[in-house]
Amino acid sequence: MKTLQTDALLAAVNAWVEIESPTYDIAGVNRVGALAERLLRDLGGTIERISGAPDFGDIVIGRIPGETAEPGILLLGHIDTVHPVGTLAGPLPMRVEGDRAYGPGIYDMKGGNAIAFAALAHLNANGRRPRLPVTVMMVPDEEVGSPFSRAHIEREARRHAIALVVEPSGEGGKLTVARHGIARYYLKTTGVPAHAGAYHSKGRSAIREMARQVLAIEAMTDYARNVTLNVGTISGGTHENMVPLHAEACVYCLVPLPEHEREVRERLMALVAVDPDMTLEVRQGLYRPSFVKSPAIQRLYDHAAALAQEIGYPVAGERIAGGGSDGNFTGALGVPTLDGLGVLGDGPHTHQEHLLISCLVPRTQLLARLFETLPA
Ligand SMILES: [Zn+2]
């Protein structure tokens, strides 16, 4: 019987991390996709690639046979990161400090992908097979809301009995059993331009109008219900000496339940310019529906928690995650979804991003046991 080794697992993780793959660097994302494809071929998977050109890298799918027939497990991961090329050579070099391994995307979520592949390879090396067929799906655009992958994820989800998502786990190894919905809105104000010196009084500032809208929108935040509205980006004006004609902003909203999404949408779409000489346009962007814990998800969680206990590396409980993932799409379709099965660590999307090396063996074991035992 071949056993899992920490060094080999860390090397496997690093093979993913050393290829930089911010979402819009299509070549970089596809290099990670090629790595995934090679590993899936080694596992005896049937490969499918769906081109994301011209906007994104490709989706890579590997279908691994199980002991029984379909419907099987959909294992979801994303191969893009938020870190621009140069992060590795600059602010976030790959390195080990004590139990921490650092690198861009190592926690979110290349570490998770790597241990999921390692779990399948581990079964293979020991002459074992997943009980259900496993479809491994690596998507290139999760960090920007999966605009290309969403329909493909939903199509696959409908054909599967269970979705497992190897996004980072919560604090202490918590698994994710629900996620809030995420809605994006784009605002544009149009004013009246004027020379800011001689004709200032004739101008109507689009930036001033946007500033008033921003305050109104952020005031809609309701922490008691976990509904938050964050104006995350803003831009406007063309010259310091001109009353600005345009301003634009993007609002990122956390909406735990579908009714919150409706409420926020109605309020934002009803906004009008405070100054009658100006216009305000509000456009809805990408929406990730919330996924809510069902009895089937509770059973999945209980099963995983019991396996983790057996392994001697308990999961520290369940959580509802604030941020979205592709698990939102599968969960919202009613496919029992267990998320946060990836690595432990901290600092996603920052220059402190790291995983905990001590989790690599037990979390790989947990995934291998899930593949061997599901459906519970
Ligand atoms: Zn992620």
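Two strands are taken to pair if DSSP finds at least two bridges between them. Strand S5 (residues 100–102) and strand S18 (residues 354–356) meet this rule, with three bridges joining them in the antiparallel sense. Within this pair, Ala101 has Leu355 of S18 as its bridge partner. The model is predicted.

The two strands belong to an open sheet of four, in the order S4-S5-S18-S17, with antiparallel pairing. Strand S4 (95–97) and strand S17 (345–346) stand at the edges with a single partner strand each, so one side of each has no neighbour in the sheet. Helix H3 (residues 106–125) packs on this sheet. The helix touches S5, S17 and S18, and its direction makes about 50° with that of S18.

Helix H3 also takes part in the zinc site. The protein donors of the zinc ion are His78 (NE2), Asp108 (OD) and Glu167, the last listed with two OE donors. These donors lie 1.9 to 2.8 Å from the ion. The four donor atoms subtend angles of 51 to 142° around the zinc ion, so the arrangement is irregular. For four donors to count as tetrahedral, all angles must lie between 85 and 135 degrees. In sequence, the donor residues follow the spacing H-x29-D-x58-E. His78 lies in strand S3 (residues 73–78) and Asp108 in helix H3; the pair therefore ties together parts that are 30 residues apart in sequence. Both His78 and Asp108 are buried.

Strand S3 leads from the zinc site to a set of parallel pairings. S3 pairs with S7 over four bridges, in the parallel sense. Leu74 stands opposite Ala163 in S7. S7 in turn pairs with strand S16 (residues 337–338), again in the parallel sense, over two bridges. Here Leu164 has Leu338 of S16 as its bridge partner. In a regular strand the side chains alternate between the two faces of the sheet. Strand S7 (residues 162–165) has Ile162 and Leu164 pointing one way and Ala163 and Val165 the other way. All of these residues are buried.

Overall, the protein comes to nine helices and 18 strands. Of its 376 residues, 54% count as buried. The C-alpha trace spans about 85 × 45 × 40 Å along its principal axes. The radius of gyration is 23 Å, which agrees with the value near 21 Å for a compact globule with 376 residues. Among contacts between residues at least 6 apart in sequence, 79% join residues at least 24 apart.

How values were computed. Residues are numbered from 1 along each chain as its sequence is written. This is a predicted model: local features need pLDDT of at least 70, side-chain atom pairs count only at pLDDT 80 or more; totals for chains, interfaces and linings use all residues. Side-chain values use heavy atoms; hydrogens and water are left out. Contact means heavy atoms within 4.5 Å. Axes are lines fitted to C-alpha atoms, for helices over the stretch in contact, and angles run from 0 to 180 degrees between N-to-C directions. Donors are N, O and S atoms within 2.8 Å of the metal (3.2 Å for Na, K and Ca); water is not among the atoms, so sites may look incomplete. Four donors count as tetrahedral if all angles lie between 85 and 135 degrees; four count as square planar and six as octahedral if opposite donors are over 155 degrees apart and all others between 65 and 115; anything else is irregular. Buried means under 20% relative accessible area, exposed over 50%, partly exposed in between (1.4 Å probe, protein chains only). The radius of gyration is taken over C-alpha atoms; the globule rule is 2.2 Å times the number of residues to the power 0.38.
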